[in-house]
Amino acid sequence: MAQPARDDPAHYDEFGLFAENAEEMGLPFDEPPSVRRVSTEVEPGRTISALAWGDSDPELVLLHGGAQNAHTWDSVALALGRPLLAIDLPGHGHSDSGRDGSRAVEDLANDVAIAVGALAPDSAALVGMSLGGLTSILVADRHPELVRRHVLVDITPGVTGDKSRAVTDFIGGPESFSSFDEILARTIEFNPGRSAESLRRGVLHNAVQLDDGRWVWRWARFRTDGPTTVPDFASLWESIGRATAPLMLVRGMRPSSVVDDSDEAELRRRRPDARIEHVEHAGHSVQGDAPLELAALLADFVPLRG
């Protein structure tokens, strides 16, 4: 039977692609996973959306990177097979814009803390990649009761514009695209190590077609004019040093990683107890490049509930 999401992007079903994820990873797929959209209001008239995996209380909370969305974790979630919550950061995915349009990590952290408190208050770990990781650092510092274990995926406060040039060049591309094929082609160009099918799924989850037929990124609904810049996050090193939750850094080792040896050394200085793992066949988006390896590391770091 034809798959509408594969054959016609305009008839996208966000819950209809999990079998493709499983097939690409070589995982069994006897029946679709239990996944549903949930949301919570963070202030009057503004909500945060998330994907709730499983039918019991979430054991992990996952925060995606800038210009991504909760579906970036689909393959990891399938491999883990544990109840979890994957949040759409404010201004991304199906969530509303940030407070007054802000995407500053301080404001994102405030919203995420409210969402975690409402949707996953007893979760065992907070996992953050890139912008989600920077956000998670503040959540762990300011709301330790919500963060029992902490995982950073290819990010530290040492990130700079130079280190993240490949990422910002991609995000800073055209505001809209004439066709789905055009937006997919750009995605493939900037992700040469990924399969075209996996990138196609990612675009289906992260783009939307306008009434005039053009395609835009979901996060571009809240886009502001001007160049893509990377703020100075160095002050977050102090937050890392103050936090007490067990910490693991998962670092991609391909050139697109935004973490270098000096960042790793500074993390060890601030948190000598931190666990640091290298994933050789992954770049910045470890969850996309090596989902099975990342899932295995998370499963080892976050004990199953008794």
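**Exercise 1.** In which sense do strand 9 and strand 10 pair, and over how many bridges? Then follow the chain from strand 9 to strand 10 and give the handedness of the crossover.

*Solution.*
Step 1. Locate the two strands in this predicted model: strand 9 covers residues 247–252, and strand 10 covers residues 275–279.
Step 2. The pairing is parallel and is made over five bridges.
Step 3. Between the two strands the chain passes through helix 10, residues 261–270. This β-α-β crossover is right-handed.
Step 4. For one position in the pairing, take V250: E277 in strand 10 stands opposite V250.

**Exercise 2.** Place V153 in the secondary structure, decide whether V153 is buried or exposed, and find which residues V153 touches beyond four places in sequence.

*Solution.*
Step 1. V153 belongs to strand 6, which runs over residues 150–153.
Step 2. The relative accessible area of V153 is 0%. The cut-off for buried is under 20%, so V153 is buried.
Step 3. Leaving out residues up to four places away, V153 touches W73, V127, G128, M129, S130, V250, V286, Q287 and L294.
Step 4. One of these, V286, lies 133 residues from V153 along the chain, yet the two C-alpha atoms are separated by 7.1 Å. Another, V250, is the residue opposite E277 in Exercise 1.

**Exercise 3.** Find the helix that holds D141, classify D141 as buried or exposed, and describe what joins its side chain to R242.

*Solution.*
Step 1. D141 is in helix 5, residues 131–142.
Step 2. Its relative accessible area is 19%. Buried means under 20%, so D141 counts as buried.
Step 3. Not counting residues up to four places away in sequence, D141 touches S239 and R242.
Step 4. With R242 there is a polar contact between the side chains, at 2.7 Å.

**Exercise 4.** Compare the radius of gyration of the protein with that of a compact globule, and say where pLDDT stays under 50.

*Solution.*
Step 1. Count the elements: the protein has 12 helices and 10 strands.
Step 2. A compact globule of 306 residues would have a radius of gyration near 19 Å. The protein has 18 Å, so the value agrees.
Step 3. The C-alpha trace spans about 50 × 45 × 45 Å along its principal axes, and 52% of the 306 residues count as buried.
Step 4. Average pLDDT is 93, and 95% of the residues score at least 70. Over residues 1–7, however, pLDDT stays under 50.

Note on methods: Residues are numbered from 1 along each chain as its sequence is written. This is a predicted model: local features need pLDDT of at least 70, side-chain atom pairs count only at pLDDT 80 or more; totals for chains, interfaces and linings use all residues. Side-chain values use heavy atoms; hydrogens and water are left out. Helices (H or I, at least four residues) and strands (E, at least two) are DSSP runs, numbered from the N terminus. Buried means under 20% relative accessible area, exposed over 50%, partly exposed in between (1.4 Å probe, protein chains only). A polar contact is a pair of N or O atoms within 3.5 Å; within protein, one must be able to donate a hydrogen and the other to accept it, and residues adjacent in sequence count only if both atoms are side-chain atoms. Contact means heavy atoms within 4.5 Å. Two strands pair if DSSP finds at least two bridges between them. A crossover is right-handed if, with the strands pointing away from the viewer, the path from the first strand over the helix to the second runs clockwise. pLDDT is the predictor's confidence in each residue, from 0 to 100. The radius of gyration is taken over C-alpha atoms; the globule rule is 2.2 Å times the number of residues to the power 0.38.
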